[in-house]
Amino acid sequence: MTLEADVPVHLFYGLVGATLVAMGFVALVTKQHVFRKILAWNAMGSGVFVIVGSFAIRNADHGAADALPQAIVITGIVVSVSATALALAIARRLHRLTGDVLLEAGDDKGTA
Amino acid sequence: VNVVGSVGVYDGLLALALLGAAGTALFGQNTFGSTVYFVIYGLLLSFVWVRLGAPDVALAEAAIGAGLTGALLLDAIHQFEASRAPRPAAIPLLSRLAAVALSAAFFAAVALSLDGLRDTTGGVMPLVLENMPDSGSSHPVTSVLLNFRAFDTWFELGVLLATVVAASSIHRAHERRLPPYPAPLPSRQALMLARIMRPILGVIGGALVWYGSVAPGGAFQGGAILGAAGILMQIAGASPSIDLLDPGKAGGTRAVLALGFGAFLVVAGLTFFGGNRLLQYPAGWSGPLILGLEVAATLSIALTLNLVYALSAPRRNADA
């Protein structure tokens, strides 16, 4: 079932991870809904994890992925869910204070 | 898992589905749809981790990345839905173009450097395998997480602790003065499902921790499953976990929240002042120490994730 494309698996998934980071960054800048920004930030984070994960198999001649990048990614996933939860708590506070969920350029809601 | 080989049809389809789900989540019109696609994206991502030969990460991604993050997001979307309709876009075209250009540059940089990384020395895996017999665990990832780089895990528990402290501070400073969100109507069916699932999730979570020293799994995956059991109960309308922060219960809650970080702190102090290096376990003690630290970490992680969910949408029953 392989196409025998001359692309190593680690390179392929490294590029998939880079695409996720790039998509996430564009959404982070161009989307104004704070909820969408949180999604974008998460997508960027998981893209970085996939890139790190692709490092884990670039030496996998012995058939096993390197344990160190895996451990780092597991740590990262837990940290990113913590960050997401905190971001949502802050977003909810913003919403309750201002009734708004948009972050705009030159916004000075904090002083209003 | 054979992780060596060329890219096949499976990889192409998986990448296409993954990027499609991410694109819909990030750029779709409907916010609720975005959230659903983001959860799908998380689940597809765990297939990527299996393909990359990392079942531990796949479990963590499915339980935490897709499951827990999904629960948090789906819950938050309800609160945001009532808000005003989005105003016309105010992001200048120049900013949009700059974002696209920067992203393209990043992609190119990664593509070029990844190809350069193709042939390197053997990585750290040989070192891990060489030292694993003395590590107290026969699973490489667990050896790294709880022995070779235990300080990573220690500080990560610190991050979790800081998160729950920060979330409850926001709650304390602000939310208490506002009327709580209405509690979900208790549904008998949902509550029954949650009650059936609770012991099953308890067994799965416990098994993930217990077998974590010999197979994929461990404190994070197990703790997330146990935390999910509590979240399920809250969704079904059982008594909200936010009550655990009430005076009278807060002492015990704080003790469990700090248990994981505290256990690492004690072991770090004992090893450091006992003549070893920081978190260098004495010979023969690695196995029991790892198990003890994992159990402590699991309890803290489960309660932290549960409370963080409760704090992200604090609600009390009407009669409370």
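**Exercise 1. Work out the make-up of each chain in this predicted model.**

Start with chain A, which has three helices and one strand. From the N terminus on, its elements read β-α-α-α. Now turn to burial: 59% of the 112 residues in chain A are buried. Last come the contacts of chain A with a separation of 6 or more, where residues 24 or more positions apart account for 60%.

Do the same for chain B. Here you'll find 11 helices and three strands. Along the sequence, they follow the pattern β-α-α-α-α-α-α-α-β-α-α-α-α-β. Buried residues make up 46% of the 320 residues in chain B. As for contacts in chain B between residues at least 6 apart in sequence, 73% of them join residues at least 24 apart.

**Exercise 2. Decide how helix H2 of chain A and helix H1 of chain B are oriented to each other, and what kinds of residues meet there.**

Step one is to locate the helices: H2 of chain A covers residues 34-56, and H1 of chain B covers residues 9-27. Their axes come within 9 Å and cross at roughly 150°.

Step two is to put a word on that angle. Anything over 145 degrees counts as roughly antiparallel, so H2(A) and H1(B) are roughly antiparallel to each other.

Step three is to list who meets whom. From H2(A) come A:Arg36, A:Leu39, A:Ala40 and A:Ala43, and from H1(B) come B:Ala25, B:Leu26 and B:Phe27. Sorted by class, this contact has six nonpolar residues, no polar ones and one charged residue.

**Exercise 3. Find the nonpolar cores and describe the surroundings of A:Tyr13.**

Begin with the largest nonpolar core, which has 105 residues. Inside this core, A:Tyr13 and B:Trp49 are the residues with the most contacts.

Next, look around A:Tyr13, skipping residues up to four places away in sequence. In its own chain, A:Tyr13 touches A:Val50 and A:Ser54. Over in chain B, A:Tyr13 touches B:Asp11, B:Leu14, B:Val48, B:Arg51 and B:Leu52.

There's also a second, separate core of five residues, with B:Leu191, B:Met233, B:Ala236 and B:Ala238 among them. For background, nonpolar side chains tend to be buried together in soluble globular proteins.

**Exercise 4. Take apart the aromatic cluster that contains B:Trp154.**

A search of the whole structure turns up five aromatic pairs over all chains. One of them joins B:Trp154 and B:Phe155: the ring centres are 5.1 Å apart, with 25° between the planes, and the pair is stacked.

Then check burial. B:Trp154 has 8% relative accessibility, so it counts as buried. B:Phe155 comes in at 48%, so it counts as partly exposed.

Now go to the pair of B:Trp154 and B:Phe261, whose ring centres are 5.8 Å apart. Their planes sit at 35°, so this pair is tilted. It links distant parts of the chain, with B:Trp154 in helix H7 (residues 150-173) of chain B and B:Phe261 in helix H10 (residues 250-273) of chain B, 107 residues apart. B:Phe261 has 25% relative accessibility and therefore counts as partly exposed.

Put the pieces together: B:Trp154, B:Phe155 and B:Phe261 form one aromatic cluster.

**Exercise 5. Place B:Leu72 and A:Ser82, and say what each one touches.**

B:Leu72 first. It lies in helix H3 (residues 55-81) of chain B. With a relative accessible area of 2%, B:Leu72 is buried. Leaving aside neighbours within four places in sequence, B:Leu72 contacts A:Val81, A:Ala85 and A:Leu88 from chain A, plus B:Val308, B:Tyr309 and B:Ser312 from chain B. Look at B:Ser312 in particular: B:Leu72 and B:Ser312 are 240 residues apart in sequence but 7.3 Å apart in space, C-alpha to C-alpha.

Then A:Ser82, which sits in helix H3 (residues 67-98) of chain A. Its relative accessibility is 4%, so A:Ser82 counts as buried. Not counting residues up to four places away in sequence, A:Ser82 touches B:Leu160 and B:Thr163.

**Exercise 6. Describe the backbone and the setting of B:Leu279.**

Read the backbone angle first: phi of B:Leu279 is near 60°, a positive value in a residue other than glycine. Next, find the spot, which is the loop between H10 and helix H11 (286-312) of chain B. Finally, check burial: B:Leu279 has a relative accessible area of 4%, so it is buried.

Conventions:
Residues are numbered from 1 along each chain as its sequence is written. Chains are lettered from A and ligands numbered from 1 in the order in which they are written. This is a predicted model: local features need pLDDT of at least 70, side-chain atom pairs count only at pLDDT 80 or more; totals for chains, interfaces and linings use all residues. Side-chain values use heavy atoms; hydrogens and water are left out. Axes are lines fitted to C-alpha atoms, for helices over the stretch in contact, and angles run from 0 to 180 degrees between N-to-C directions. Helices (H or I, at least four residues) and strands (E, at least two) are DSSP runs, numbered from the N terminus. Angles under 35 degrees count as roughly parallel, over 145 as roughly antiparallel, 65 to 115 as roughly perpendicular and the rest as oblique. Contact means heavy atoms within 4.5 Å. Ala, Val, Leu, Ile, Met, Phe, Trp, Tyr, Cys and Pro count as nonpolar, Asp, Glu, Lys and Arg as charged, and the others, Gly among them, as polar. Rings of Phe, Tyr and Trp (its six-membered ring) pair if their centres lie within 6.5 Å; planes under 30 degrees apart count as stacked, over 60 as edge-to-face and the rest as tilted. Buried means under 20% relative accessible area, exposed over 50%, partly exposed in between (1.4 Å probe, protein chains only). A nonpolar core is a set of buried Ala, Val, Leu, Ile, Met, Phe, Trp, Tyr and Cys residues joined through side-chain atoms within 4.5 Å.
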